[in-house]
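User: I have a new structure open and don't know where to start. Can you walk me through it?

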Amino acid sequence: MEKLSGLSHLFMTIFLHNFAAFMVIPAITDVTMAALCPGKDECSIAIYFSGLQHAIIGLGSLVMMPLIGNLSDKYGRKALLTLPITLTIIPLAILAYSRSRKFFYAYYVFKILTSMFCEGSVHCLSLAYVADNVPEGRRASAFGILSGIGSSAFVCGTLSTRFLSTASTFQVATAMAMLSAVYMRVFLPDSIVNDNLSTPILSEGKLDGIVNQDEESDKKIQMFKTLPSIEDMLALLKSSLTFSQAAIVSFFSTLSDVGLHASLLYYLKARFHFNKDQFADLMVITGIAGTVSQLLLMPILAPVLGEAKLLSIGLFFNCAHMIVYSIAWSFWVPYAAALFSLLYVFSQPCIRSIVSKQVGPCEQGKAQGFISGIGSFANVASPLLFSPLTALFLSERAPFNFPGFSIMCVGFASMIAFVQSLMIRAFPPISSERVSNLH
């Protein structure tokens with residue numbers, strides 16, 4: 001428990017950051033529809049706009065995630081966390097000021113530019129921070145608690161949205177994002193992986209004295225060399241069968257999650273005329289179930305069942321809940337499907353825990369950044385596949401009457417991840433083997 005209590009400042013930082021990010025989700029659909037298609041419940045343009053946004057962000061993140069992970073191994077987790085947590089404030093502040101069409105377009109552009117760096121990087125760096133400070137045998141539980149903190153922020157954020165106006169929602173989110181950045185810089189200690197860690201990018205004493213110009217140039221060159229090559233990524237995949245299997249599972253799991261996220265809210269608005277408050281109610285149910293599961297069930301089940309079995313359980317229920325959404329025949333069915341989050345939230349912490357055990361202690365940032373990069377590639381592919389399907393089957397041009405067809409296809413992608421997860425077996429952690437070989 002001492003190790004986990006030492007992570008309290010990280011948990012608070014993640015809670016504040018996620019609170020700000022999640023509380024705007026129930027409102028952004030209505031804001032997008034009002035800016036692009038005022039007065040309508042179905043809008044193909046809004047669906048394509050959202051899909052294009054996810055694809056561009058995923059393409060940028062595909063490049064940035066491995067680089068950020070590698071840089072954090074060299075310069076420290078705190079320095080790299082500062083940038084995405086601070087950049088998150090900009091698009092929120094734009095909509096906090098105004099939600100007119102011109103400001104929506106400004107938000108849209110800044111959201112893409114900042115999210116190329118921010119999307120997934122906070123989570124990736126937090127996982128690496130936890131891996132630095134928690135022994136291998138307890139990482140699954142620690143990752144579960146970290147995800148549980150995120151889920152509790154999801155609950156609190158979406159619940160707050162339920163009682164706030166749209167304008168107030170973005171204003172409060174902006175204030176919370178600023179508080180997260182300040183709290184992190186003041187209270188979060190850096191995570192030192194080893195004695196060879198370079199001077200942090202944002203260290204306080206960096207400006208003291210005059211630095212030799214040649215040394216400064218060498219540092220800049222070394223920073224750009226940190227970007228992993230294709231050969232580095234292939235070597236990482238070949239280093240462990242378990243690692244490569246986890247990467248495949250991560251791709252298809254993220255492909256389905258992003259596809260659901262990009263389609264579900266527009267589907268529910270067109271099919272059942274959901275609004276901001278009903279989106280918030282649905283997300284609160286999902287968040288509460290996920291929080292209870294990750295904070296209470298996962299620390300108990302992970303040591304007993306192991307990450308591989310728990311991963312398969314989570315993916316099975318993830319697939320099931322997507323299929324239930326796709327065939328929803330009643331206004332109340334989506335609320336029932338949201339309860340599946342009690343079990344499907346196991347998947348992501350288990351993937352990350354499996355991956356963390358396949359690399360050494362000085363490679364946690366690289367490994368987590370690589371898996372985040374795989375997820376970013378899925379972020380590119382998913383909107384290209386599922387956004388056109390969603391727009392088609394919610395329109396009058398649908399070839400047959402099945403509004404949830406795109407979500408059914410998303411469920412099939414999750415099923416592929418589930419089948420692949422069944423092939424993962426519990427092998428001795430590579431990081432343990434490497435450490436033992438040193439003695």
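Analyst: We can go from the overall make-up to the core, then to a few single residues.

Analyst: This is a predicted model, in which local features need pLDDT of at least 70, side-chain atom pairs count only at pLDDT 80 or more, and totals for chains, interfaces and linings use all residues. Residues are numbered from 1 along each chain as its sequence is written, and side-chain values use heavy atoms, leaving out hydrogens and water.

User: What does the secondary structure of the chain come to?

Analyst: The chain has 21 helices and zero strands. Both are DSSP runs numbered from the N terminus: helices are H or I with at least four residues, strands E with at least two.

User: How many of the residues are buried?

Analyst: Of the 439 residues in the chain, 55% are buried. Buried means under 20% relative accessible area, exposed over 50%, and partly exposed in between, with a 1.4 Å probe and protein chains only.

User: Which residues in the largest nonpolar core touch the most other members?

Analyst: Phe170, Leu268 and Tyr325 do, in a core of 62 residues. Helix H13 (residues 241–272) contributes the most to this core, with nine residues. A nonpolar core is a set of buried Ala, Val, Leu, Ile, Met, Phe, Trp, Tyr and Cys residues joined through side-chain atoms within 4.5 Å.

User: Why does that core lie between the two domains?

Analyst: Because domain 1 (1–191) and domain 2 (228–424) both give residues to this core. The domain bounds come from an automatic or database domain assignment.

User: And what is Leu268 in contact with?

Analyst: Leaving aside neighbours within four places in sequence, Leu268 contacts His273, Phe274, Phe279, Leu282 and Pro334. Contact means heavy atoms within 4.5 Å. Apart from this core lies another, of 29 residues, including Ala79 and Phe117.

User: Ala79 is in a helix, I think. How many residues of H5 are buried?

Analyst: Eight of the 11 residues in helix H5 (residues 77–87) are buried, and the helix is mostly covered. Among them are Arg77, Lys78, Ala79 and Pro84.

User: Switching to rings. How many aromatic pairs does the structure hold?

Analyst: It holds 26 aromatic pairs. One of them is Phe22 with Phe154, edge-to-face at 5.1 Å centre to centre and 75° between the planes. Rings of Phe, Tyr and Trp (its six-membered ring) pair if their centres lie within 6.5 Å; planes under 30 degrees apart count as stacked, over 60 as edge-to-face and the rest as tilted.

User: Where do Phe22 and Phe154 sit?

Analyst: Phe22 is in helix H2 (residues 8–23) and Phe154 in helix H9 (residues 139–162), 132 residues apart, so the pair links distant parts of the chain. Phe22 is partly exposed at 24% relative accessibility, whereas Phe154 is buried at 15%.

User: Now Glu307: buried or exposed?

Analyst: Glu307 is buried, with a relative accessible area of 13%. It lies in helix H15 (residues 307–326). The side chain of Glu307 makes polar contacts with the side chains of Ser353, at 2.8 Å, and Lys357, at 2.6 Å. A polar contact is a pair of N or O atoms within 3.5 Å; within protein, one must be able to donate a hydrogen and the other to accept it, and residues adjacent in sequence count only if both atoms are side-chain atoms.

User: Last one, which side chain does Ser414 make a polar contact with?

Analyst: That of Asn318, at 3.4 Å. Ser414 lies in helix H20 (residues 405–421) and is buried, with a relative accessible area of 0%.
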